[in-house]
Amino acid sequence: MTLFLQVLANGLVLGGLYACIAAGFSLVWGVLNVINILHGSFIVLGAYVAYFAYVALGIHPFVSVVLAGGVLFVLGYLLQTGVINRVVGAPVLTTLILTFGLDLLLNNAMLVAFKADYRKINLANPLGVVDLGGVFLPLDRVAAMALALLLTGGLYWLLNASRVGRAIVAVRMDREAALLMGVDVPRIYAVTFGLGAVMAGAAGSLLALIFPISPLAGTLYLGKAFVVCVLGGLGSVTGAIVGGLALGVVESFSALVFGPEHALTVSFALLVMLLVVRPTGIVGRRGYE
Amino acid sequence: MATVLVWALALAVVLSGVAPTLPGPAAAADKALRVGAPLPLTGPLSPEGLKQKRGYDLWVAEVNKAGGIKVGGDRYKVEMVYNDYQSNTPRAVQLAEKLISDDKVNFLFSPFGSGATKAASGVSEKYGIPTIAATASSEEVYNQGYKYLFGTFTPNATLTEPLADIVKGKVGDVKKVAILARNDLFPLAIGQEMEKSAKKRGLEVVFFEKYAIGTLDHASAITQIRAARPQWIFATGYINDLILIRKQMADLGVSAAVVTMIAGPAYKEFAEATGPRAENVTSAAWWHPAVRYKGPDVFGTTENYNKLYQAVYGAVPDYVEASASACGVILQLAIEKAGTMDPRKVRDALASLDATTFFGPVRFGPTGQIVSLEPPVFQIQGGKPVVIYPVAVKQSDLRIGVK
Amino acid sequence: MAVATLAAVVVALPFVAGNYLIRLASFAMMYSVLALSWNFIGGLAGYPSFATAAFFGLGAYAGAIAQGHDVPIVLAWLAAGALAAIFAGGLGLALLHLRGHYFAIASLVVGEVLREIANTSTQLTGGGMGLNLPILRLGVTAQARLFYFVLAGLAALTLAASLLVDRHRLGVGLRAIQQNEDAASMVGIDATRYKTIAFVLSAAFVGAAGAAYASWVNYIEPADVFDVLLSVKPIVMVLLGGAGTMLGPVVGAMVFLALEELVWRNFLTIHAGLLGLIIVALIFFLPRGLLALDVRLLALNVRRRFARGRPA
């Protein structure tokens, strides 16, 4: 029983992190209809910001979330206005290949700047582990997960309660109607992309404490973001949370049942099956496929 | 009209890309011996590729300082020809061919790791160019019956056997072993060797699972290990995997009498990234700066090698760097023994070589893999890897207990 | 006339060039096969397939396993192509009702799943430790030439198939599907059947190429033959040359590989970034590919792109 509970706990904690990784990606995909291949690299960049902030200035990675978010927002906004805005209406292939090319650029830049060596933040006072009747919960993961959910919740609040947020939702629902209502669509696109980048940077900052950091990790995060989005449904924050938690739990249990080597295969196979049967995901709505 | 332009453009591009391969003017009068080395200078394996390069460069500097390699009555300076295969194995194969057929290198040093070494060895075998591998230990690499491939790492069992002996001997109550291996040529192969070594000594392997390349989370596997309560945990992978696994073991409250990890603890990056949790982790490798050997090679003794390395690079060498330098040293000894650069004769000289070098005693088996090394076992104590076997160079004893 | 000279160059190449150049040219032929094959489903039908890597890897392993069981080499290649085709047929049933991004992702993930299966089926595929193939008892140059001609032959076959499809009702139907699938159905085109045929065509030659590649390099690993770049590069090549045109994929493959070789030779640490830059430039300034290139239009396009904010 403890084994079951532990595996479940592992999955949920992991799932919270996955949700944070995917939230920004889902937003950009849902609103701009752009698959942002740069997302993984954004996360890594956020992690580096946190790493250097810690090593040079002693800033705790949880605090660096703000810093990383800020840096990434600027980068994302600029990238969108300068480059991506010009292909927003273009076919799927064009945007995919474009963001792929941009990602090659960013990744190479990071490799040259930071080298491929794996780095890790080791806190002088680690948060430790809590033992709940045989189920161990590493506090740094739990804290990261809590913060991740908080951030995602913040995004949700932003989308529903602020003017900019409402404008974003309006553009997602019907671009033409939003235009007619006086929404500055290109600016909203830029803000959305920027927000997506913020979520990525923030996620990176949180993850810096948990995973080794290197430009090479970007693709792995991107892969997870994909699966979470399809699982949970596009463009909605709830979708990212549901999808993330679902993926975390599925991976955790399939590693137990099928063996760790098959965990990846199972999640991918699940993804394909879902795409075939219910492409809109658990929470999503029709019309995006 | 546009189509013609396009074809012209395409042709021009192709030609300009190809032009560098056309033979240039004859090289300077200085006699040079060219050694090709395709390396992963960019991409995921670049840290290791750069280590190999440092090892080669140090050897080249020393040998040229001494006047070059003696070939019969002449002396030849050594020239390394490097190419970057971007951590992409098919490219490594492509480059091996380019180095041999276009750059006309006389000899080849293998790319990094068992997989790429194996893939590229087909090329050098076809061309009959003696090739020495600095970082390939799995017997599967040498199982194609090739005659021109030689390797400086002994088979994986030579790491697991002494480890198993020490653990069985020093840790009285060890009965159960758990093995977690990355699903990749070398990590999996050595995981399987560990299983054999453990079973041979009557230990029970209570867990043996593989994890996929690119696994971000090992919690499930580690939770299962915890449930099995082994006294000895053996994890294999590359440095990023092991850093993560060690951390997650601590996260999930897993402790054991002995925790062994291959191959990461030898690098200082492991201790740096893992911090205090690296303490008492054991590992094994094919060389350690604490060993002491003396021989007729250009470095002379292990201490001298360490000193020279430290002077140039400001750090203590690890086994990858030493192995790369060893490739150079071994090649040199073979050429000097053969008295010629003729590939066939050098190959035969390599096959029959019996010498001691700063790296250790060198003798190759029938498959081309070295058989004469006694790989040291070490443990991280006080944040640094410390040798605990073989007895001749031991610096400390095994400390039991990893939290 | 132009065709005859081109054919002469192709045939004569391995007898005048060094081994490395032959190897490069062989890769050019192989990628031509991949690009031409992708053109069926991506360029003509407009379905952004990322399954090329899946078909290639499947063919490579099928060929390697067959050869390991003493199947004669050419038969192994043919069998691999057939297997890839059948697999695509079945896969098409599951995936071809998806559109746009979803189809793209699903096709990409199929490759990942196959790679993981190859990684874990150690008994059959050697798993993470890879699979050996028997070396041919031939001299180095003879082997280089042999594989060059095999891949060139495969490229010629694929090109022939493209030309055939282009002139046939199938080609027209596929283009109609790309324009507007629902409208195409309404005028009586059996969209499902046509799409499936295109998908199968996009797999058959790729599978055979994978098997030939395996025989050529003598050792394969899941990560190499299921590499996602095997799906992405052919797409970039087709876009470069001109999607939907017949010669575009070939031109694109040659130019792209030449560029890649140039960049990689001369810029050690930044070649990946430069490649990315080239891709971005391609998207902006050559949206319809090289073959649709009109220099004056290009200049206009460049000026327009740098104008204030309006997406072109």
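This briefing looks at the contact between chain A and chain C and at some salt bridges of chain B. The model is predicted, so that local features need pLDDT of at least 70 and side-chain atom pairs count only at pLDDT 80 or more, while totals for chains, interfaces and linings use all residues. Residues are numbered from 1 along each chain as its sequence is written, and side-chain values use heavy atoms, with hydrogens and water left out.

**Chain A against chain C**
- The contact (heavy atoms within 4.5 Å) takes 38 residues from chain A and 43 residues from chain C.
- The buried area, which is the accessible area (1.4 Å probe) that two parts lose on being put together, summed over both, is about 3,400 Å², and carbon and sulfur atoms give 78% of it.
- A:R86, A:L93 and A:I97 supply 20% of the area that chain A buries against chain C, more than any other three residues.
- Between chain A and chain C the count is 0 salt bridges, a salt bridge being a side-chain nitrogen of Lys or Arg within 4 Å of a carboxyl oxygen of Asp or Glu.

**Salt bridges**
- Side chains of opposite charge can pair when their charged atoms come close.
- Over all chains, a search of the whole structure finds 37 salt bridges.
- In one of them B:K31 pairs with B:D74, with the closest N and O atoms 3.6 Å apart.
- B:K31 lies in a loop and B:D74 in strand 3 of chain B (strands are DSSP runs of E, at least two residues, numbered from the N terminus), so the pair ties together parts that are 43 residues apart in sequence.

Note on methods
Chains are lettered from A and ligands numbered from 1 in the order in which they are written. Helices (H or I, at least four residues) and strands (E, at least two) are DSSP runs, numbered from the N terminus.
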